[in-house]
Structure formats: structure tokens, C-alpha cells
Amino acid sequence: MTDRYAVFGHPVAHSKSPLIHATFGRQEGISIDYRAIDLAPDAFLTGLEAFAAEGGVGANVTSPHKEAAFSVCTTLTARARRAGSVNTLLRKGDRWHGDTTDGIGLVRDLTDRHGLDLRGRRVLLIGAGGSARSVAPALLDAGITELVVVNRTPERADELIDAMGEPGRALSRYWEDLRDLGDFELILNATSAGRDRDVEFKLPLSLVNSMTTAVDLNYGEAAIAFLAWARAANCRNTVDGLGMLVEQAAESFLQWHGVRPQTDEVYQQLRAGAGAFAGQD
């Protein structure tokens with residue numbers, strides 16, 4: 001039985017993960033059977049077990065399944081346990097081991113590819129779902145001064161902050177208070193609001209200073225609305241989630257195959273066609 005890998009999401013037809021892992025496999029001389037599997041939330045658990053029964057040994061997990069994936073794992077990395085979110089699964093015997101590679105992928109993209117120094121930065125994280133939870137620990141570990149999380153459902157933001165366990169550096173605030181939060185050197189959008197083309201993405205201009213970098217964890221069309229706001233607000237830098245996508249995939253590949261592939265080739269290939277797709281994974 002051939003080892004199988006997959007990315008689970010809903011929707012997931014847009015995913016570039018199969019292309020990314022196929023390219024990584026060619027680089028390293030490893031044959032890859034990696035597919036995109038679309039499962040509605042109520043079908044995820046049974047679908048994942050069916051995948052394992054058919055030879056599935058590793059999987060990526062994207063929206064809306066990251067927290068459900070966390071719940072099925074018998075063992076977890078420390079960063080996944082802290083985040084309460086999993087985007088990488090590895091089959092160990094008859095059980096799943098879980099990790100989150102989004103955060104380290106984001107930090108690697110911002111620091112190595114875009115040359116940003118995250119140390120000492122004040123950071124605003126918009127959203128508190130699985131994607132936000134997966135990057136928050138890595139941002140704190142990268143040496144930022146303060147992390148402020150704002151979500152339209154404040155209870156979710158409170159839960160995320162509680163999980164971080166750093167009350168002096170990680171804070172939750174109400175959406176209605178955005179105008180009173182001061183300015184930030186890094187603003188990250190971890191919501192899917194940009195996918196609704198009929199809704200204009202608006203945030204107070206008071207959040208921006210002369211050093212602000214705006215990052216959308218989405219890429220392609222899903223990132224257009226937030227990044228358009230960021231450019232109109234004169235943010236110094238705007239970054240979409242394409243680089244994070246490639247870097248987190250490389251971390252998953254390393255766990256599954258024991259070697260970390262080169263990412264620049266894949267990133268450039270995807271960047272050439274970035275307007276033709278949208279999503280987070």
C-alpha cells in the first residue's frame with residue numbers, strides 16, 4: 001500500500017498544497033501521493049479515519065478543521081498544544097500526532113524572505129480562529145513586545161489570549177475599541193472577511209504608523225480587500241500569505257520525510273500565478 005498524504009479543508013479545491021508537495025518531492029527524489037480532500041465539518045472525523053485506513057500517513061489541515069484536528073491527536077507538539085490548533089498530522093501506529101507549522105512558516109517568511117525584524121514590535125492580530133491561534137505562539141516566541149487580539153466575538157479572543165499564558169504581553173480587546181488602541185508596527189489579518197467581495201475591509205487609520213507592515217494570512221483574491229486597505233492607509237509594507245503557505249508546507253514535509261526542501265523555487269512559481277487562486281492552504 002502506497003503511503004498517502006492529503007490536505008483537508010472545506011472548500012479546498014483552490015489549494016496549492018498538492019502542487020507544492022509534488023515539487024518538493026521532485027527536488028528530493030521522493031515519490032509523493034498527495035491529494036486535496038474536501039470534507040464538511042460534520043464529515044471530517046470519519047473522513048480522516050477513512051483516509052488512514054486507506055494508507056494515509058500524513059495530512060495538512062486547513063479551514064475550518066484545524067481545531068477539530070487538534071481534538072483527534074493523541075500526542076502534540078508543545079506549540080500545537082499552546083495554540084489549540086493543528087495543521088499537520090502524522091500517523092504513528094494507529095494514532096495521530098499533531099503539530100502547527102503555520103506560525104513558524106509565517107515568521108520564516110517575514111524574517112528570511114522579507115527581511116523584517118519582529119523583535120520589539122507591537123502587533124495587532126485580527127481574528128481568533130484556528131489560523132490566528134496557530135500563529136500567535138510563534139509571534140510571541142519571535143520576540144514581539146505586545147500582541148493584541150481583536151475579534152468580532154470577544155469570547156474567542158479571550159480564549160486565545162488565555163491559551164498563550166503571557167498576560168503581560170498578550171491582550172484581548174473589543175472590536176469597538178479599535179480606534180483607541182494606538183498604532184502598531186505589525187497588523188495581521190487572520191479572518192476570511194476578504195473573501196466576501198461585496199464587503200469593504202475598513203479599519204481605523206490610527207492603527208498605522210510609519211513603520212507598519214500589514215500581513216494577510218490569506219493569499220490571492222482572498223487577500224485583496226485587506227491589502228487594499230493597507231496600501232490606502234500608507235502601510236510601509238504589505239505581505240500576503242503565499243510565503244507562509246510555502247514555508248509551513250516545507251515544515252510539514254520535513255516532519256514526514258526527514259528533509260527540509262528548498263522553498264524559493266516553489267514560491268516564485270506560485271507568485272507568478274498568484275492572482276489565479278485564493279485561500280490559506
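Visitor: Which residue of β9 stands opposite Leu-147?

Guide: Ala-170 in β9 stands opposite Leu-147. Please keep in mind that this is a predicted model. β8 and β9 (residues 170-174) run parallel and are joined by 5 bridges. Between these two strands the chain passes through α7, making a right-handed β-α-β crossover.

Visitor: How many bridges join β8 to β7, and which residue of β8 does Leu-125 face?

Guide: There are 5 bridges between β7 and β8, and the two strands run parallel. Leu-125 has Val-149 of β8 opposite it. The connection from β7 to β8 goes through α6, and this β-α-β crossover is right-handed as well.

Visitor: Are the faces of β8 covered or open?

Guide: Let's take one face at a time. Glu-146, Val-148 and Val-150 lie on one side, Leu-147, Val-149 and Asn-151 on the other, and all of them are buried. That fits the tally for the strand, where 6 of 6 residues are buried.

Visitor: How do I read a nonpolar core, and which members touch the most others here?

Guide: The general idea is that nonpolar side chains in soluble globular proteins tend to be buried together. In this model the largest nonpolar core has 29 residues, and the members touching the most others are Leu-106, Leu-125, Leu-139, Leu-147 and Leu-188. Two or more residues come from each of α5 (102-113), β7 (122-126), α6 (130-141), β8 (146-151), α7 (154-164) and β10 (184-189). The most come from α6, which gives 6. Another core, of 22 residues, lies apart from this one, and includes Val-150, Trp-175, Leu-181 and Phe-226.

Visitor: Which residues does Leu-147 touch, beyond those up to four places away in sequence?

Guide: Its contacts are Val-123, Leu-125, Ala-136, Leu-139, Leu-140, Arg-169, Ala-170 and Leu-171.

Visitor: How do I read burial along a helix, and is α6 mostly covered or mostly open?

Guide: An α-helix has 3.6 residues a turn, so residues three or four places apart point the same way. In α6, though, 11 of the 12 residues are buried, so the helix is mostly covered. Among the buried ones are Gly-130, Arg-133, Ser-134, Ala-136, Leu-139 and Leu-140. After the helix comes Gly-143, which has a positive phi, near 100 degrees.

Visitor: Where is Ser-85, and what does its side chain approach?

Guide: Ser-85 sits in the loop between α4 (78-83) and β5 (88-92). Ser-85 counts as buried because its relative accessibility is 0%. A polar atom of its side chain is 3.2 Å from the backbone oxygen of Gly-130. Outside its neighbours within four places in sequence, Ser-85 is in contact with Lys-66, Phe-70, Ala-80, Thr-100, Gly-130, Arg-133 and Ser-134.

Visitor: Why does Thr-212 count as buried, and which backbone oxygen does its side chain reach?

Guide: Thr-212 is buried because its relative accessibility is 0%. This residue belongs to strand β11 (residues 208-216). Its side chain reaches the backbone oxygen of Phe-184 at 2.6 Å. Beyond residues up to four places away in sequence, Thr-212 touches Phe-184, Glu-185, Ile-187, Leu-207, Cys-235, Arg-236 and Asn-237.

Visitor: What is the strand order in the open sheet of 6 strands?

Guide: The order is β2-β1-β3-β5-β6-β4, and the pairing is mixed. At the edges are β2 (34-38) and β4 (75-76), each pairing on one side only. β1 (residues 4-9) is parallel to β2 over 5 bridges, with Tyr-5 partnered by Tyr-34 in β2.

Visitor: Which strands do α2 and α9 pack on or lie across?

Guide: Helix α2 (residues 44-53) touches β1, β2, β3 (56-61), β5 and β6 (95-99), and its direction is about 170 degrees from that of β1. Helix α9 (residues 242-257) lies across β1, β2, β3, β5 and β6, at about 5 degrees to β5.

Visitor: Is Pro-18 buried or partly exposed?

Guide: Pro-18, in helix α1 (residues 17-28), counts as partly exposed because its relative accessibility is 22%, and the cut-off for buried is under 20%. Pro-18 and Val-7 are 11 residues apart in sequence, with 7.7 Å between their C-alpha atoms. Setting aside neighbours within four places in sequence, Pro-18 is in contact with Val-7, Tyr-34, Arg-35 and Ala-36.

Note on methods:
Residues are numbered from 1 along each chain as its sequence is written. This is a predicted model: local features need pLDDT of at least 70, side-chain atom pairs count only at pLDDT 80 or more; totals for chains, interfaces and linings use all residues. Side-chain values use heavy atoms; hydrogens and water are left out. A nonpolar core is a set of buried Ala, Val, Leu, Ile, Met, Phe, Trp, Tyr and Cys residues joined through side-chain atoms within 4.5 Å. Buried means under 20% relative accessible area, exposed over 50%, partly exposed in between (1.4 Å probe, protein chains only). Helices (H or I, at least four residues) and strands (E, at least two) are DSSP runs, numbered from the N terminus. Contact means heavy atoms within 4.5 Å. A polar contact is a pair of N or O atoms within 3.5 Å; within protein, one must be able to donate a hydrogen and the other to accept it, and residues adjacent in sequence count only if both atoms are side-chain atoms. Two strands pair if DSSP finds at least two bridges between them. Axes are lines fitted to C-alpha atoms, for helices over the stretch in contact, and angles run from 0 to 180 degrees between N-to-C directions. A crossover is right-handed if, with the strands pointing away from the viewer, the path from the first strand over the helix to the second runs clockwise.
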